Amino acid sequence: MKILVCITHVPDTTSKIQFTDNDTKFDKSGVQFIIGPYDDYALARAVELKDALGASLTVLNVGEADTEPTLRKALAIGADDAIRVNAFPTDALFVARQIAAIAKENSYDLILMGRESIDFNGGMVHGMVGELLGMPSISPVMKLDVEGETVKMAREIEGGKEYLEAKLPLIAGCQEPIAEWKIPNMRGIMSARTKPLNVVEAVDSEVATDVTAFKLPPAKGSVKLVDKDNVEELVKLLKNEAKVL
Amino acid sequence: MSILVYIEHAEGSVKKTSLEAVSFGKALADKTSGGEVIALALGSISDEALAIAGTAGASKVMHVADGNLDAGVIQAHADAVAQVYKQVGANTLVLSKSSLGDAVAARLAVKLDAGLVSNVVDLPDTTGGYKVKRSIYTGKAFAETTVNKDHKILAVKKNAVDLLTNGPEATVEKVSLSIADENFAAKITSTDKAEGEILLPEADVVVSGGRGMKGPENWGMIEELAKELGAATGCSKPVSDIGWRPHHEHVGQTGVKVAPTLYLAVGISGAIQHLAGVNSSKYIVVINKDPEAPFFKAADYGIVGDAFEVLPKLIEAVKAIK
Ligand SMILES: Cc1cc2nc3c(=O)[nH]c(=O)nc-3n(C[C@H](O)[C@H](O)[C@H](O)COP(=O)(O)OP(=O)(O)OC[C@H]3O[C@@H](n4cnc5c(N)ncnc54)[C@H](O)[C@@H]3O)c2cc1C
């Protein structure tokens with residue numbers, strides 16, 4: 001069995017989000033980049049499946065050279081090899097076309113990724129890849145087991161979950177609690193240095209959407225504190241000032 | 001030319017977030033002379049329940065009353081929407097962000113060769129080109145996105161426009177489609193869902209508890225306050241990780257992103273990852289015994305105090321104004 005995990009290279013969740021060049025570019029200064037937290041769940045589950053089923057595990061990122069440390073981290077966590085599609089990930093459809101092209105070439109049985117990236121939050125890439133390849137795409141998946149050719153999944157829906165079954169090959173957008181995040185150990189980090197990381201060029205793809213400007217939300221005013229012995233005052237404020245009750 | 005709005009329903013009624021999407025479609029049509037606004041519903045639901053889409057701005061509802069579509073099979077829904085979209089000659093598809101809506105929209109972007117924008121927070125600016133404002137970095141910023149395609153799909157965030165309620169009821173037109181078997185390749189075997197509950201992603205008021213609530217046995221107070229406020233209940237990540245509350249209540253960066261008019265947080269410190277899930281709320285109220293808790297910096301109103309003293313008083317005070 002061949003598993004592909006697609007990972008994003010995104011700012012750490014504690015990063016201060018700022019823009020430069022007249023609000024047209026993300027300001028990377030002082031920002032730590034990580035494997036997207038949802039992708040990290042997908043990767044963790046993939047490593048478990050690899051160990052349990054003796055599968056091969058490839059990780060893929062569409063990004064420029066600065067994303068390689070993130071791919072190396074995924075190798076340290078347990079992937080066998082990595083592919084970087086050398087291109088700036090302009091939009092979801094562009095990324096999906098790159099993934100679909102690689103997947104067509106290598107016929108993976110299972111393609112996992114996070115339910116969404118934490119930079120653009122689109123949550124669309126898995127569905128697009130599914131449509132491009134004519135495979136089922138299930139998201140957000142919180143449990144995934146492989147039994148022979150059948151994949152059993154739980155998918156989160158508003159107010160609960162839905163259980164599904166489908167045959168391989170398929171694509172899943174993952175979230176917790178599908179597996180626990182894995183922290184690379186020393187041996188993993190050492191071996192990651194020599195694992196293959198192949199760089200390939202992007203397939204042509206038009207730009208369906210592009211970001212023309214960024215904007216920060218207006219700063220929040222300061223909090224109005226109400227004394228703990230005067231709780232009625234809070235209710236009055238919510239009713240008369242905020243008008244939400 | 002027309003605007004098609006994919007609407008979801010649950011427990012016999014159209015979801016409020018879907019009605020908002022209809023109102024978004026209506027506002028878009030008015031702004032851009034976009035033609036007719038047609039709502040599309042899939043699966044079993046009554047005509048009376050569907051007619052309400054008219055009050056939100058639809059001129060008619062198309063209904064594919066096929067029982068095979070009752071369950072939200074992603075591929076089958078995407079196929080059905082694509083067929084109707086082409087039939088009516090639409091050039092824009094609007095839908096509300098949801099677990100099914102997102103999954104369906106993604107496949108449709110490929111099927112319809114459309115430019116897709118998700119997390120849309122406002123009507124497009126069409127003065128030069130087609131620019132859509134969407135929320136990014138989990139609510140910490142916005143991106144103005146230019147769509148370069150003739151066909152557009154807009155997945156709209158809650159509260160992007162005001163819900164219209166004053167339109168005339170819409171007529172319901174039945175459509176029958178043939179959906180190829182391969183679209184049912186993923187089978188839904190069962191569903192485990194709370195009935196009659198106010199759902200977190202759709203709620204106008206949310207009461208959330210954190211580790212400061214000390215244990216699951218103390219959630220009675222959170223639930224009682226939520227009941228008095230007509231609110232959904234939420235929690236922080238550690239609370240669902242430890243299993244005090246079900247996973248679908250977990251709010252934040254890696255959980256549900258909410259956008260209520262009022263978010264009330266009790267015993268939650270306000271870590272940046274939690275705030276990422278609530279920063280689209282209109283008003284935030286924080287109850288925390290630590291005056292230094294970071295949540296106060298993101299709050300509109302706050303009480304520094306012990307939840308176990310403040311909550312019972314708050315419940316009484318809310319009851320008193322009713
Ligand atoms: C990649 C990543 C993703 C994450 N995603 C999320 C996410 O999606 N959602 C999320 O919530 N967290 C997330 N976290 C975790 C986050 O960093 C915090 O650890 C978490 O939000 C803390 O939860 P808490 O506020 O309930 O608990 P604590 O931080 O322990 O805070 C408890 C609070 O309760 C107060 N308190 C204690 N007793 C009382 C009392 N009697 N009365 C009133 N107040 C009291 C305390 O003063 C304190 O402020 C994520 C972390 C990482 C690294």
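User: Before we look at the surface, what is a patch made of?

Analyst: Patches are made of residues with over 30% relative accessible area and no salt bridge, and nonpolar side chains are joined within 5 Å. Keep in mind that this is a predicted model. Here A:Met186, A:Ile189 and A:Met190 make a nonpolar surface patch of about 290 Å².

User: Where does A:Ile189 lie, and is it buried, partly exposed or exposed?

Analyst: A:Ile189 belongs to helix α5 of chain A, residues 186–192. Its relative accessibility is 33%, so A:Ile189 counts as partly exposed.

User: Let's turn to the two chains. How is the size of an interface often given?

Analyst: The usual figure is the accessible area lost when the parts come together. In this model, chain B and chain A bury about 7000 Å² between them, and carbon and sulfur atoms give 58% of that. B:Arg107, B:Tyr137 and B:Tyr301 supply 11% of the area that chain B buries against chain A, more than any other three residues. As for residues, the contact takes 87 from chain B and 80 from chain A.

User: How many salt bridges are there between chain B and chain A?

Analyst: A salt bridge needs a side-chain nitrogen of Lys or Arg within 4 Å of a carboxyl oxygen of Asp or Glu. Eight are counted between chain B and chain A. One of them pairs B:Lys313 with A:Asp229, with 3.5 Å between the closest N and O atoms. Helix α4 of chain B (residues 99–111) gives the largest share of the side that touches chain A, 10 residues. There are also 40 residue pairs in polar contact between the chains, both residues being at pLDDT 80 or more.

User: And how many salt bridges are found over all chains?

Analyst: The whole structure has 36. A nice one to inspect is A:Arg45 with A:Asp145, at 3.0 Å from N to O. This pair links distant parts of the chain, 100 residues apart: A:Arg45 is in helix α1 (residues 37–53) and A:Asp145 in strand β9 (residues 137–147) of chain A.

User: Why do A:Arg45 and A:Asp145 count as buried or partly exposed?

Analyst: Buried means under 20% relative accessible area. A:Arg45 counts as buried because its relative accessibility is 11%, whereas A:Asp145, at 26%, counts as partly exposed.

User: Which other salt bridges could I look at?

Analyst: Try A:Arg155 with A:Glu162, at 2.8 Å from N to O; both residues are buried. In chain B, the side chains of B:Glu249 and B:Arg245 meet at 3.0 Å, and both are buried too. Shared partners also join A:Arg45, A:Glu48, A:Lys143, A:Asp145 and A:Lys182 into one salt-bridge network.

Note on methods
Residues numbered from 1 in each chain as written. Chains lettered and ligands numbered in written order. Predicted model: local features only at pLDDT ≥ 70, side-chain atom pairs only at ≥ 80, totals over all residues. Heavy atoms only, no water. Patch = residues over 30% accessible without salt bridge, like charges linked within 9 Å, V, L, I, M, F, W, Y side chains within 5 Å. Areas by Shrake-Rupley, 256 points an atom, 1.4 Å probe, with all protein chains shown as cover. Helix = DSSP H or I, 4+ residues; strand = E, 2+ residues; numbered from the N terminus. Buried < 20%, exposed > 50% of the residue type's maximum accessible area, 1.4 Å probe, protein only. Contact = heavy atoms within 4.5 Å. Buried area = accessible area lost by both parts, 1.4 Å probe. Polar contact = N/O pair within 3.5 Å; in protein donor to acceptor, adjacent residues only side chain to side chain.
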